Amino acid sequence: MQNISKLKGRYLVEPEDLTLEEMESLFNLAENIEKDDAYLRESCRGKLLATLFFEPSTRTRLSFEAAMLRLGGSCLGFAEPGSSSASKGESLADTIRMAACYADAIVMRNPKEGAALLASRYSSVPVINAGDGGHHHPTQTLTDLLTIRRLLGKIGNLTVGFCGDLKFGRTVHSLAKALSRYVNIKMIFISPAELTLPDYIKSILQKHKIEYYEKENLDDSIQELDVLYMTRVQRERFFNEEDYIRLKDTYVLNSGRMSQAKEKMIVLHPLPRVNEISVEVDSDPRAAYFTQAKYGMYVRMALLAAILGAGQC
Ligand code: CP
């Protein structure tokens, strides 16, 4: 619990803001919460969380709000910027200053890369990045890592395949960076040529001496994967609708493809999915994406309790 107490008052803009030890402590806490519904239940009583979503969300916003309510705290905020004074031209800095006057912590999603870092500079209370454009999504990474740990029993000595939109996919960028700190992780990046991983992420992998490959064909690699991380081609990140339509159905994971995969491989997806995983895969025991979404709530409970310095934390 010592590492968790160090998290009180901390900001989370990108995965590297947490050490591996701090993440392990959060995963232990999340697993305790999963096992015991009453664990930390009233630990955030009297605390307020602002959820400021300048972009749509189902899982991240609802799981943060569910997490705060389950800890006994309360939430305020907005689910789309049109209902805030941002629509009248208020700057992000001023919106953040205001939310910091009212709440004990701020969770923000924004379509602009770097918005979370900017918010962290203007906020007197902790800011948690819930996704900044195509840049990072650190609490999705905590969710993904906890899911791998829970379902495979370890984070290390694994071959992880990332498939789909690797150019704009912030969950891919954050997870690849985070996995590069673990032992013996091999990564295979499967995407069309137009949607390959950005060079700055590849530089980080090279710096950590990670064995990684870039491929265009999922069928060539699926047999060797321990984790398959599927992603959606994101219409909202394209400037050109024609390019989106051309690329959107490049990869479809179906029962035929699953029959080529290891018996113990797990399929993750940050969700929402569109067509990239057929619904027939949902009943395959290796389909872990809905369980993953539930772990997202537990790890966000752990994170909020730690950042707000709640209870036994
Ligand atoms: N995984 C994720 O970020 O989902 P939402 O966009 O629904 O929050």
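Student: Why is Cys44 called buried or exposed in this predicted model?

Tutor: Cys44 has a relative accessible area of 0%. Buried means under 20%, so Cys44 is buried.

Student: What makes Cys101 count as buried or exposed?

Tutor: The relative accessibility of Cys101 is 56%. Exposed means over 50%, and therefore Cys101 counts as exposed.

Student: How do you know whether Cys101 is in a disulfide?

Tutor: A disulfide requires a pair of cysteine sulfur atoms within 2.5 Å. The nearest cysteine sulfur to that of Cys101 belongs to Cys75 and is 19 Å away. Cys101 is in no disulfide, and by this rule the count of disulfides comes to zero.

Student: Why is the arrangement of α6 and α7 called oblique?

Tutor: The axes of α6 (residues 138–152) and α7 (residues 170–179) cross at roughly 60° and come within 9 Å. Angles under 35 degrees count as roughly parallel, over 145 as roughly antiparallel, and 65 to 115 as roughly perpendicular, the rest being oblique. The crossing angle therefore makes α6 oblique to α7. The crossing of these helices is right-handed.

Student: Which residues make the contact of α6 with α7?

Tutor: From α6, the contact is made by Pro138, Gln140, Thr141, Asp144 and Leu145. From α7, Thr171, Ser174, Leu175, Ala178 and Leu179 take part. By class, the contact has five nonpolar, four polar and one charged residues.

Student: Why is α7 described as largely enclosed by the rest of the structure?

Tutor: Ten of the ten residues of α7 are buried, so this helix is largely enclosed. The buried residues include Arg170, His173 and Lys177, as well as Val172 and Ala176.

Student: What makes His137 count as buried or exposed, and where does His137 lie?

Tutor: His137 has 2% relative accessibility. Because buried means under 20%, His137 counts as buried. His137 lies in the loop between β4 (127–132) and α6. Not counting residues up to four places away in sequence, His137 touches Thr60, Arg109, Ala130, Gly131, Arg170, Thr171, Ser174 and Arg300.

Student: Why is Pro111 called partly exposed?

Tutor: Pro111 has 38% relative accessibility. Buried means under 20% and exposed over 50%, with partly exposed in between, so Pro111 counts as partly exposed. Pro111 lies in the loop between β3 (105–110) and α5 (115–122).

Student: Which residues are in contact with Pro111, leaving aside its neighbours within four places in sequence?

Tutor: Those residues are Phe54, Glu55, Gly133 and Arg237. In addition, the C-alpha atoms of Pro111 and Asp132 are separated by 5.5 Å, with the two residues 21 residues apart along the chain.

Terms used. Residues numbered from 1 in each chain as written. Predicted model: local features only at pLDDT ≥ 70, side-chain atom pairs only at ≥ 80, totals over all residues. Heavy atoms only, no water. Axes fitted to C-alpha atoms, helices over the stretch in contact; angles between N-to-C directions. Helix = DSSP H or I, 4+ residues; strand = E, 2+ residues; numbered from the N terminus. Left-handed = near helix turned anticlockwise from the far one by under 90°. Contact = heavy atoms within 4.5 Å. Nonpolar A, V, L, I, M, F, W, Y, C, P; charged D, E, K, R; others polar. Buried < 20%, exposed > 50% of the residue type's maximum accessible area, 1.4 Å probe, protein only.
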